Protein chains: 2
Amino acid sequence: MPRRSYDQYCAVARALDAVGERWSLLIVRELLDGPRRYTDLHADLPGVSTDILATRLKQLEGEGLVERRRLERPANATVYALTDRGVELRPVIAALAVWGGPELGEPRPTDAVREHWYTVGAPE
Amino acid sequence: MPRRSYDQYCAVARALDAVGERWSLLIVRELLDGPRRYTDLHADLPGVSTDILATRLKQLEGEGLVERRRLERPANATVYALTDRGVELRPVIAALAVWGGPELGEPRPTDAVREHWYTVGAPE
DNA sequence: GTACTCACTTGGAAAGTCCAACCTATTGGC
DNA sequence: GCCAATAGGTTGGACTTTCCAAGTGAGTAC
């Protein structure tokens with residue numbers, strides 16, 4: 001199933017082909033604060049339905065912006081994290097945040113999952 | 001008919017409520033180069049259908065990002081131009097262009113329509 | 001084995017988008 | 001005045017995407 005593309009030779013159009021669909025950039029914004037589990041993303045993004053969340057994560061993974069990693073211990077869990085290429089979207093998110101309102105918070109302090117992620121290390 | 005909103009207290013979500021729909025940011029990108037007529041926008045954005053273009057221009061106008069102005073002479077024409085608030089989206093477009101590809105061109109030189117626009121002056 | 005959480009998938013309705021055709025008003029040529 | 005062309009849309013219907021609620025299967029927890 002081919003996704004709908006702007007199909008233009010233009011950097012902006014190509015960027016929007018990758019992250020222009022509904023919820024994509026909000027998922028990236030969540031992940032800029034650190035890795036998150038599927039259920040956490042679902043809780044932190046009020047309004048996103050589970051099927052769309054699963055679809056977007058697969059698309060972002062397919063574009064090399066998000067990595068999926070299964071943590072064995074201490075808790076059996078799947079976490080999603082941005083790749084380097086995904087983190088490079090930070091200026092886009094920041095520009096949107098500046099335009100969209102007065103306040104842009106710094107990345108939040110570490111939480112348990114993130115702690116574990118960096119303890120365990122990045123995926124190979 | 002209420003448009004679909006992310007309905008979140010988050011600057012990024014609010015920005016995407018305004019310009020997150022399909023084609024919106026590409027229209028803004030075109031207008032960053034200067035005012036354009038409806039038919040020019042349609043020609044410069046391959047793939048956009050006339051009804052969506054009309055809908056988006058109305059939405060952007062309703063959000064105060066685009067102004068519609070009727071030029072009386074020399075040619076009877078309607079042009080669309082960004083408001084100050086719309087121009088403030090330039091950093092967003094720039095960030096997307098940087099992320100999306102190697103080259104981001106500077107705003108193109110003036111053309112006839114733009115010349116006339118600035119000769120005539122901004123809308124009251 | 002029963003209950004519970006996590007990470008999804010499925011089915012169907014609603015909303016959004018695409019496409020081609022049509023419409024109205026104005027201009028330009030003759 | 002008449003005809004055709006252009007600008008700036010609107011309309012109807014097909015198609016695609018998103019939403020929503022419900023269900024599934026795998027892995028602990030007890």
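**Exercise 1.** In this predicted model, work out which helices and strands each supply at least two residues of the surface near DNA strand D, and how that surface divides by class.

*Solution.* Begin with chain A, where helix H4 (50–62) supplies at least two residues of the surface near DNA strand D. Then turn to chain B, where helix H3 (38–44), helix H4 (50–62) and strand S3 (77–82) each do so. Next, take the residues themselves: 21 residues surround DNA strand D, and the closest are Asn76(A), Arg37(B), Asp51(B), Ala54(B) and Thr78(B). Finally, sort the surface by class, which gives 8 charged, 7 polar and 6 nonpolar residues.

**Exercise 2.** Determine how helix H6 of chain A and helix H6 of chain B are oriented to each other, and which residues make the contact.

*Solution.* The axes of the two helices, residues 90–100 in chain A and residues 90–100 in chain B, come within 8 Å and cross at roughly 170°. Because angles over 145 degrees count as roughly antiparallel, H6(A) is therefore roughly antiparallel to H6(B). On the H6(A) side the contact is made by Pro91(A), Val92(A), Ala95(A), Leu96(A) and Trp99(A), and on the H6(B) side by Pro91(B), Val92(B), Ala95(B), Leu96(B) and Trp99(B). By class, these residues comprise 10 nonpolar, no polar and no charged.

**Exercise 3.** Establish what kind of axis relates the two copies.

*Solution.* A turn of 180° with a shift of 0.0 Å along the axis lays chain A on chain B with an RMSD of 0.0 Å. The copies are therefore related as by a two-fold rotation axis. In chain A, the C-alpha nearest this axis belongs to Val92(A), 3.0 Å from it. The same surface serves both copies, since 100% of the contact residues of chain A recur in chain B.

Conventions:
Residues are numbered from 1 along each chain as its sequence is written. Chains are lettered from A and ligands numbered from 1 in the order in which they are written. This is a predicted model: local features need pLDDT of at least 70, side-chain atom pairs count only at pLDDT 80 or more; totals for chains, interfaces and linings use all residues. A residue is near a molecule or strand if its C-beta atom, placed from the backbone, lies within 6 Å of it. Helices (H or I, at least four residues) and strands (E, at least two) are DSSP runs, numbered from the N terminus. Ala, Val, Leu, Ile, Met, Phe, Trp, Tyr, Cys and Pro count as nonpolar, Asp, Glu, Lys and Arg as charged, and the others, Gly among them, as polar. Axes are lines fitted to C-alpha atoms, for helices over the stretch in contact, and angles run from 0 to 180 degrees between N-to-C directions. Angles under 35 degrees count as roughly parallel, over 145 as roughly antiparallel, 65 to 115 as roughly perpendicular and the rest as oblique. Two residues are in contact if their C-beta atoms, placed from the backbone, lie within 7 Å. Copies are superposed by least squares on the C-alpha atoms of residues with pLDDT of at least 70 in both.
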